[in-house]
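Please open the model in your viewer and keep the sequence panel visible beside it. This tour proceeds by selections, and each stop states what is to be found there.

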Amino acid sequence: MKIGIDKIGFATSQYVLKMKDLAEARHVDPEKYSKGLMLDAISITPITEDIVTLAATASQEILDDNDKATIDMVILATESSIDQSKAASIYVHHLLDIQPFARSIEMKEACYSATAALDYAKLHVGMHPQSKVLVIASDIARYGIASSGEPTQGAGSIAMLVKADPRILILNHDNLAQTRDIMDFWRPNYSSTPCVNGIFSTKQYLDSLMTTWQEYQLKNKVSLKDFSAFCLHIPFPKLALKGLTKIMDSSLTHEQKDKLQEAFDTSIIYSKQVGNIYTGSLYLSLLSLLENSRALKAGDKIGMFSYGSGAVSEIFSLELVPGYHNMLKENRFDSLANRKVLSVAEYEELFYEEPNLDSFGNASFKDYLSGAYCLTAINQHQRIYQKNDKS
Ligand code: HMG
C-alpha cells in the first residue's frame with residue numbers, strides 16, 4: 001500500500017520584520033543577514049497568535065468536511081508548547097470540528113519531532129488503511145532581543161494530511177535516524193527563550209548530516225544521483241546550503257549538481273521570507289520546492305534531512321505522485337508580501353509581550369491582526385480561541 005502526504009497547508013503570522021531594518025538597529029552590516037545567513041525577513045507573532053492558532057489556520061486551508069469526518073489522529077509537533085500537560089492538538093481538534101473518535105497528542109524533540117510524527121502516521125495508516133492522520137508542525141522561534149540568534153527567529157505552521165493513495169507524495173520506507181546527547185540548543189522549563197551554543201550547533205547540524213547521510217546510503221544502497229532534490233531543515237538558509245554542498249561529492253556530474261542546486265534555490269524561497277519555524281522548517285522547504293519548481297516531475301525522489309537540537313537527525317525520502325501540482329496552492333508568495341511590516345521598536349513590543357494576568361488568572365489582549373483563528377483572552381488560566389470573522 002502507498003501511504004503519504006495527500007495535502008499540505010501553511011500558515012504564518014500577519015506581521016513581518018525586514019532584516020535590513022534589524023541590521024540597521026543592531027549596527028550590523030545588512031549583508032551579514034542577506035548573504036551571511038541568506039535571510040530577507042522573518043515572521044513576527046503578536047500575543048494573540050500561538051502554536052494553536054497557527055496550526056488551526058494551516059489545517060483549515062486543506063481540510064474539507066469529509067476529512068474532518070474521517071481523521072482519527074491529530075499529532076501536533078512543537079517545541080513552543082503553551083501547556084505542560086494538555087496537548088495543543090486537542091484545541092486544534094476542537095476548533096476544526098474533527099469527529100470525536102480520534103487520538104490527539106503533542107510530540108517534542110526540538111525541530112525534529114514532525115518527522116517522527118509523519119512516520120507514526122505512516123505506521124498507523126499501514127495498520128488502518130481507511131484512516132487519515134493530521135500531522136501539524138507548529139512553532140514560534142523566539143530568541144532574546146539583540147542576541148546572536150535574534151536574526152534567526154520566525155513563526156509558522158505546516159499541516160499535512162497523511163493517508164493511503166496520497167495525491168502529493170509517497171513516504172518511502174527508508175528512514176534512518178541518529179541520536180546524540182549534546183547541548184547545542186535547549187530551553188529549560190523556566191525560560192521563555194532558548195540557551196544556544198550557536199557556532200557549536202551549526203557544526204553539530206553539519207556533522208549529523210554527514211554521518212546520517214553516510215549510514216543512510218549504506219543501508220539503502222543509494223547515492224545522491226538517485227535524488228532529484230534534497231530538502232534540509234532550515235534554521236537559516238545559508239546553513240542548509242552548506243549542508244547540501246557537503247553532501248554533493250565529486251561523483252556527481254556538473255548537470256546533476258546544477259539540478260540539485262536549482263531545486264535547493266526553490267526550496268528556500270519561503271524560508272528567506274519567514275525565518276526559522278523550527279518543527280515546520282524542513283516541511284516549509286518541501287512546500288517551497290513543490291510550489292515553485294518547474295523541473296520536478298512525477299516519480300522524482302526527494303531526499304529529506306531533519307535535524308532537531310539535542311540532537312536527533314533523520315534522513316528519509318519521498319516520491320512525487322502524478323498530478324501532485326493539482327493539490328498545491330498558487331500565489332502563496334502574494335500572501336507573504338501582504339504581511340504588515342513592523343518597525344524594530346514595534347517588533348520588540350509585540351513579539352515579547354507577556355499576558356498581564358490578574359489574581360484570578362484572567363487577561364485580555366489588544367486587537368491584533370491574525371489568521372483564521374486567534375487567541376482572544378485568558379479566563380481563569382484557560383486559553384480562549386475564536387474563529388476570526390475577518391479572515
Ligand atoms: P553569528 O554571530 O551571526 O555568526 O551567529 P557569524 O559571525 O559566524 O556570521 C554568520 C555568517 O555571516 C558567517 O558566514 C559570516 O562569515 C557571515 P559563514 O562564514 O559561516 O559562511 N558574515 C557576513 N557575510 C556577508 N557580509 C558581512 C558578513 N558578516 C558576517 N558583512 C548563529 C550565527 C547561527 C550562530 C546565530 O544566528 C545563532 O546562534 N542562531 C541560533 C542557532 C541556530 O540557528 N543554529 C543552527 C544549527 S542548530 C538547528 O538547526 C536547530 C534549531 O533549529 C533549533 C531546534 O532544533 O529546535 C536552531
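Begin by selecting Thr-211, which counts as partly exposed at 28% relative accessibility; here buried means under 20% relative accessible area, exposed over 50%, and partly exposed in between, computed with a 1.4 Å probe on protein chains only. The model is a predicted one, in which local features need pLDDT of at least 70 and side-chain atom pairs count only at pLDDT 80 or more, while totals for chains, interfaces and linings use all residues. Residues are numbered from 1 along each chain as its sequence is written, and side-chain values use heavy atoms, with hydrogens and water left out.

**Stop 1: around Thr-211**

Thr-211 belongs to helix H7. Helices (H or I, at least four residues) and strands (E, at least two) are DSSP runs numbered from the N terminus. Now add Gln-178 and Arg-180 to the selection: Thr-211 touches both, not counting residues up to four places away in sequence. Contact here means heavy atoms within 4.5 Å. Between Thr-211 and Gln-178 the C-alpha distance is 8.6 Å, although 33 residues separate them in sequence.

**Stop 2: the second largest pocket**

Remain with H7, and select Ser-148, Thr-152, Gly-198, Thr-202 and Phe-236; of the 36 residues that line the second largest pocket, these lie nearest its centre. Helix H2 (30–37), helix H7 (198–220) and helix H8 (237–247) are the elements that give two or more residues to this lining. Which element gives the most to the lining? It is H7, with six residues.

A pocket is found on a 1 Å grid over the protein atoms alone: it is an open set of points where a 1.4 Å probe fits, with protein on both sides within 12 Å along at least five of seven lines, and lining residues have an atom within 4 Å of a point. The second largest pocket holds about 710 Å³ of space; grid points are joined across faces, edges and corners, and the volume is the space filled by probe spheres set on them.

Colour the lining by class to see 18 nonpolar, eleven polar and seven charged residues. Ala, Val, Leu, Ile, Met, Phe, Trp, Tyr, Cys and Pro count as nonpolar, Asp, Glu, Lys and Arg as charged, and the others, Gly among them, as polar.

**Stop 3: strand S12**

Select residues 229–232, which form strand S12. Are its faces covered or open? Both are covered: Ala-229 and Cys-231 on one side, and Phe-230 and Leu-232 on the other, are all buried. Add residues 301–308, strand S13, which pairs with S12 in the parallel sense over four bridges; two strands pair if DSSP finds at least two bridges between them. Opposite Leu-232 stands Phe-305 in S13.

Continue past S13 to Ala-311, in the loop between S13 and strand S14 (312–320). The peptide bond joining Gly-310 and Ala-311 is cis, with omega about 5°. Most peptide bonds are trans.

**Stop 4: a three-stranded sheet**

Next, display the open sheet with the order S3-S2-S15, whose pairing is mixed. Strand S3 (41–44) and strand S15 (340–341) stand at the edges with a single partner strand each, so one side of each has no neighbour in the sheet. Strand S2 (residues 15–18) and S3 run antiparallel and are joined by four bridges. Select Leu-17 to find its bridge partner in S3, Ile-42.

Leu-17 also leads to Val-344, whose contacts beyond four places in sequence are Leu-17, Asp-21, Leu-22, Ala-25 and Arg-26. Val-344 lies in helix H13 (residues 344–351) and is buried, with a relative accessible area of 13%.

**Stop 5: three loop residues**

Select Thr-48, in the loop between S3 and helix H3 (51–60). Is Thr-48 buried or exposed? At 4% relative accessibility, Thr-48 is buried. Its contacts beyond four places in sequence include Phe-365, Tyr-368 and Cys-374.

Move to Ala-146, in the loop between strand S6 (132–141) and strand S7 (154–164). Ala-146 is exposed, at 52% relative accessible area, and its phi is positive, near 65°. Finish at Gln-380, in the loop between strand S17 (373–379) and strand S18 (382–387). Gln-380 is exposed, at 57%, and has a positive phi near 50°. Most residues other than glycine have a negative phi.
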